[in-house]
Structures are given as structure tokens and as C-alpha cells.
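Please open the structure in your viewer and keep the selection tool at hand. The stops below are meant to be taken in order, each beginning with something to select.

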2 protein chains.
Amino acid sequence: MADDQTGPLADVTPFPDTLDARLREQFTFLVEVDALKAVLRRSPLVAVERRENDAEHSWHLAMMVLILAEYSDEPIDTGHTVQLVLVHDLVEIYAGDTPLYDSDAGADQEEREVAAAERLFALLPEDQARWVRALWDEFEARRTPEARFAKAMDRLQPLLLNWMARGGTWRTPGVTAEDVRARKAVIGDASTPLWRAGRQLIDEGEARGWSRSGETTEGPSA
Amino acid sequence: MADDQTGPLADVTPFPDTLDARLREQFTFLVEVDALKAVLRRSPLVAVERRENDAEHSWHLAMMVLILAEYSDEPIDTGHTVQLVLVHDLVEIYAGDTPLYDSDAGADQEEREVAAAERLFALLPEDQARWVRALWDEFEARRTPEARFAKAMDRLQPLLLNWMARGGTWRTPGVTAEDVRARKAVIGDASTPLWRAGRQLIDEGEARGWSRSGETTEGPSA
């Protein structure tokens with residue numbers, strides 16, 4: 001995307017001068033986040049043969065919060081949890097998607113994402129910039145029940161897509177079923193029944209040969 | 001999509017028998033709605049050259065609710081308004097998108113969408129099917145401040161995309177700036193400042209030749 005640090009997308013067709021100043025900042029941000037639709041993830045869609053993008057993923061997580069909130073081990077504010085999933089990947093507009101099973105890309109992930117957050121949220125009026133940043137920080141820190149449940153949805157959704165694809169990213173070279181279980185275990189920090197279901201899908205997928213059996217590996221194995 | 005009335009997408013890779021019955025219904029619904037990512041709209045994206053799909057659009061509306069809720073003329077429950085926009089287009093999975101400036105396609109739209117709602121929401125456990133149907137009905141009826149604001153976002157979002165594209169669907173043959181103003185006027189039922197801004201964009205677009213000046217037309221004009 002705009003990694004070359006050019007101006008915001010809205011500069012291509014500047015809004016009229018007649019527009020209220022605060023609204024202009026908000027519209028500029030809302031146009032900029034259109035770029036989330038162009039950030040591709042590794043997960044394969046169910047309905048059509050292509051990879052998912054971050055905007056679709058974020059919408060899908062929000063739907064999952066609405067339908068699955070009843071399984072949270074702790075009481076959660078559903079509306080707040082939805083806010084967390086709606087904004088959780090925005091930083092990837094500048095920082096890009098970091099695949100779950102790519103430990104190299106994960107090395108400087110935090111640094112890249114913090115820089116992206118500072119740049120992106122600064123487009124908003126200051127009060128809203130602080131508020132959206134606080135939502136993203138809350139999601140990342142996972143210290144509230146809402147953030148833990150949001151994170152669980154973020155891990156459960158591609159698990160459903162991989163199940164439907166009979167493997168999907170579980171087939172990434174060097175990745176074992178044990179790696180999948182380790183990466184998905186955070187679902188259990190939010191919901192005992194959803195992590196039970198998640199393990200059932202991972203176990204059954206392994207039994208069917210959709211993932212590689214064996215111990216956790218560091219890199220591609222033979 | 002599944003217009004041939006075959007079974008749900010989840011039938012392609014059925015969930016294991018070990019899965020809890022209620023959760024199986026919920027997962028089946030959550031896999032089915034993946035199809036919203038394959039329903040194309042007419043609106044052009046800003047960030048890349050392709051048309052938007054319904055899942056991306058729904059996520060964008062949810063972001064707009066978070067950022068623009070302060071402009072509602074009446075007090076609104078933001079979380080509830082977000083729920084309305086998240087589910088508002090689900091019926092298009094079976095009924096398809098009905099373009100705003102296509103009056104022929106609009107003729108049997110309601111009938112098709114009600115049939116789609118009955119089929120899609122029936123995948124959910126009964127209590128959730130009733131709840132999601134009530135959300136969709138509320139959005140369609142526009143009798144609550146939340147539904148009016150949700151509808152305003154649904155009309156304002158493509159207006160922003162069309163502005164960025166210097167015309168976009170405003171250039172649809174037979175459509176005039178006066179048609180655009182008429183179709184977008186519902187924004188004013190929810191928010192005076194946002195409709196003022198919307199009119200500024202439409203007026204300025206017309207002045208720049210991005211839409212056709214003239215009276216409302218019934219069909220393609222010369």
C-alpha cells in the first residue's frame with residue numbers, strides 16, 4: 001500500500017473546501033482504511049477460490065462475536081468486543097499481514113505495527129485517534145475478557161476456513177498439527193467450549209491427513 | 001452462489017460428529033456467510049481497481065458507525081447500530097445485490113430478500129435465527145434512530161467511494177445528479193450535518209462534470 005510514506009489516499013481526490021474541518025479528517029481516515037480490502041491473508045475463502053483480505057476477515061470476526069459470544073468463559077460486552085475486532089487489523093494497511101506460521105516475519109512485527117498505528121490513527125481528530133489506539137492496544141494486550149474473546153475469534157475463524165479447505169494453511173511446509181494446536185491454544189484463554197471444538201477440528205484434520213503429524217518443528221522438515 | 005437451493009456450504013466438508021449440536025448449527029451459519037465475500041457491488045474501491053464486495057462494504061459501514069455516530073440527530077446505541085450494518089446485506093448471499101440506480105431489479109427485490117432471509121437465518125439455532133431476523137427487519141423498516149443511521153451509512157459510504165473515483169456509479173447511463181440527490185436524501189433522515197456534507201460532495205461532483213446535470217429521468221437519456 002502506502003508504504004512509501006506518500007500522503008493519504010484521500011489526497012488523490014481532495015474533499016471540497018466547504019467541508020467541515022473535523023468531518024474532513026474523519027472522511028480522510030475512512031477513505032484511507034479502504035486499503036484494508038487490499039491486504040491479503042493466507043486463508044482460503046470457502047465460497048470462491050481466492051485468498052481472504054483483512055476487511056472481509058474483520059467483518060467475519062464481528063459476525064462470529066455476535067453468534068458465539070455466549071461461549072465466553074467470562075461475561076463480555078459484545079458491542080465492545082465487536083469494536084476490537086473491527087479495528088484489530090487496521091495497522092496492517094501499512095505494516096502488512098504477518099502469517100501465523102511465519103516466525104521470521106514475526107520478528108519485527110510489533111515495531112512495524114506500532115509505527116503503522118501512529119501514522120494511521122493520526123489522520124483522525126485527536127480524541128478519536130486516542131480512542132481507536134486504545135482499542136488496538138487493548139486487543140494486543142489481551143488483558144480484558146473482551147480482548148481475549150476477540151483474539152479467540154481471530155484464531156478460530158481461519159481454523160474454520162482451513163477445515164472447509166481440508167487443510168488450507170495447515171499444509172504450510174514445516175508446520176505440524178502440534179504447531180497448529182500451540183498457535184490456536186489462546187482460544188482456550190477465552191472459551192473452554194470453543195477451544196474444545198477447535199481441538200476437535202484440528203485432531204480430526206490431523207487424523208484425515210490434512211496436517212502433518214509430529215512434534216513442533218523450527219523450519220521446513222523432510 | 002447457492003441459488004440452486006443445494007445444501008449449505010458446510011456440507012462440502014461436514015463438521016465432525018463429535019461437535020456439539022448447537023455449535024454445529026452456528027458454525028454452519030458462520031461458514032455459509034463466507035459467501036457474502038463473493039457478492040459484488042457496483043462501487044469501485046479506492047485502494048485497488050476492482051469492485052467492492054458485500055463483506056468489505058459491511059465492515060466499512062461498521063467503521064463509519066464508530067467514527068461518525070456523533071453526527072446522529074437523535075441519540076443512538078452505537079453497538080446496536082453496528083449490529084444492524086453487520087447483518088444488513090446477509091440476504092444478498094441468496095438474493096444478490098440490487099444496484100441503487102436499477103429500478104427494474106428493484107421490482108421483486110423485497111420478495112427475493114424475504115425468501116433469502118428465511119432460508120439463511122434458519123441455519124442458526126431458533127433463538128438466534130429470530131434475533132438476527134429482527135435485526136434485519138429493523139434495518140429495513142427504518143423506524144428506529146439506529147436503523148435510520150445504519151441506512152445513512154449505507155448511502156454515504158458509496159458516495160465517498162464515488163467521490164474518490166470522480167464519478168463511479170454516478171456515471172451510470174441515464175442517471176442524473178438530481179437522481180443521486182433523491183436516492184441519497186435518506187441520509188438527512190438520520191443526520192443533518194452528514195447530509196449537508198453529502199450534498200456538498202454531490203453538488204461539487206456535478207459542477208466538475210462527474211455526474212449528469214438535469215432533471216430526474218426514467219431511463220437512459222440522450
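Does Arg212(A) count as buried, partly exposed or exposed? Before selecting anything, bear in mind that this is a predicted model. Select Arg212(A), which sits in the segment after H9 of chain A, and colour it by accessibility: with a relative accessibility of 33%, Arg212(A) counts as partly exposed. While you are there, add Pro173(A) to the selection, since the C-alpha atoms of Arg212(A) and Pro173(A) are separated by 9.0 Å although their positions lie 39 residues apart along the chain.

**The annotated span**

Next, select residues 33-189 of chain A, the stretch that an unreviewed UniProt entry annotates as "domain: HD". In cartoon view you will find that this span is 55% helix and 5% strand, and that the C-alpha atoms at its two ends lie 30 Å apart.

**Where chain A meets chain B**

Now show both chains and select the residues that touch across them: 68 residues of chain A are in contact with 68 residues of chain B. As general background, the size of an interface is often expressed as the accessible area that is lost when the parts come together. Here chain A and chain B bury about 5,600 Å² between them, and 72% of that area is on carbon and sulfur atoms.

If you turn on polar contacts, the count between chain A and chain B is 38 residue pairs, both residues at pLDDT 80 or more. The elements of chain A that give two or more residues to the side touching chain B include helix H1 (21-32), strand S2 (51-53), helix H2 (54-68) and helix H7 (145-164). H2(A) gives the most to that side, with eleven residues. Coloured by residue class, the side of chain A that touches chain B divides into 47 nonpolar, ten polar and eleven charged residues.

**Salt bridges between the chains**

In general, side chains of opposite charge can pair when their charged atoms come close. Across the interface of chain A and chain B there are four salt bridges, while the count over all chains comes to 34. Select Arg22(A) and Glu70(B) to see one salt bridge, in which the closest N and O atoms are 2.6 Å apart.

Then move to Lys37(A) and Glu52(B), whose side chains meet in a salt bridge at 2.8 Å from N to O. Glu52(B) lies in strand S2 of chain B, and Lys37(A) lies in the loop between H1 and strand S1 of chain A, so this pair joins two chains. Both Glu52(B) and Lys37(A) are buried.

**The salt bridge between two strands of chain A**

Stay in chain A and select Arg41(A) together with Glu52(A), which form a salt bridge with the closest N and O atoms 3.2 Å apart. Because Arg41(A) lies in strand S1 and Glu52(A) in strand S2 of chain A, the pair ties together parts that are eleven residues apart in sequence. Arg41(A) counts as buried at 9% relative accessibility, and Glu52(A) counts as buried at 0%.

Keep Glu52(A) selected and show what surrounds it, for its side chain also makes a polar contact with the side chain of Gln157(A), at 2.7 Å. Leaving aside residues up to four places away in sequence, the residues that Glu52(A) touches include His57(A), His60(A), Leu161(A) and, from the other chain, Lys37(B).

**A salt bridge and a network**

In chain B, select Asp108(B) and Arg112(B), whose side chains meet in a salt bridge at 3.0 Å from N to O. Asp108(B) is partly exposed, with a relative accessible area of 35%, and Arg112(B), at 26%, also counts as partly exposed. Afterwards select Asp34(A), Lys37(A), Arg41(B) and Glu52(B) together, which salt bridges with shared partners join into one network.

**Last stop: Trp163(B)**

Finally, select Trp163(B) in helix H7 of chain B. Is Trp163(B) buried or exposed? With a relative accessible area of 0%, Trp163(B) is buried. Show the residues around it, and among those that Trp163(B) touches you will find Thr13(A), Pro14(A), Phe15(A) and Pro16(A) from chain A, as well as Trp170(B) and Trp210(B) from chain B. The side chain of Trp163(B) reaches the backbone oxygen of Thr13(A) at 2.9 Å. Within chain B, the C-alpha atoms of Trp163(B) and Leu201(B) are separated by 6.9 Å, although these residues are 38 apart along the chain.

Conventions
Residues numbered from 1 in each chain as written. Chains lettered and ligands numbered in written order. Predicted model: local features only at pLDDT ≥ 70, side-chain atom pairs only at ≥ 80, totals over all residues. Heavy atoms only, no water. UniProt positions renumbered as here; feature names shortened; annotations may be inferred. Helix = DSSP H or I, 4+ residues; strand = E, 2+ residues; numbered from the N terminus. Contact = heavy atoms within 4.5 Å. Buried area = accessible area lost by both parts, 1.4 Å probe. Polar contact = N/O pair within 3.5 Å; in protein donor to acceptor, adjacent residues only side chain to side chain. Nonpolar A, V, L, I, M, F, W, Y, C, P; charged D, E, K, R; others polar. Buried < 20%, exposed > 50% of the residue type's maximum accessible area, 1.4 Å probe, protein only.
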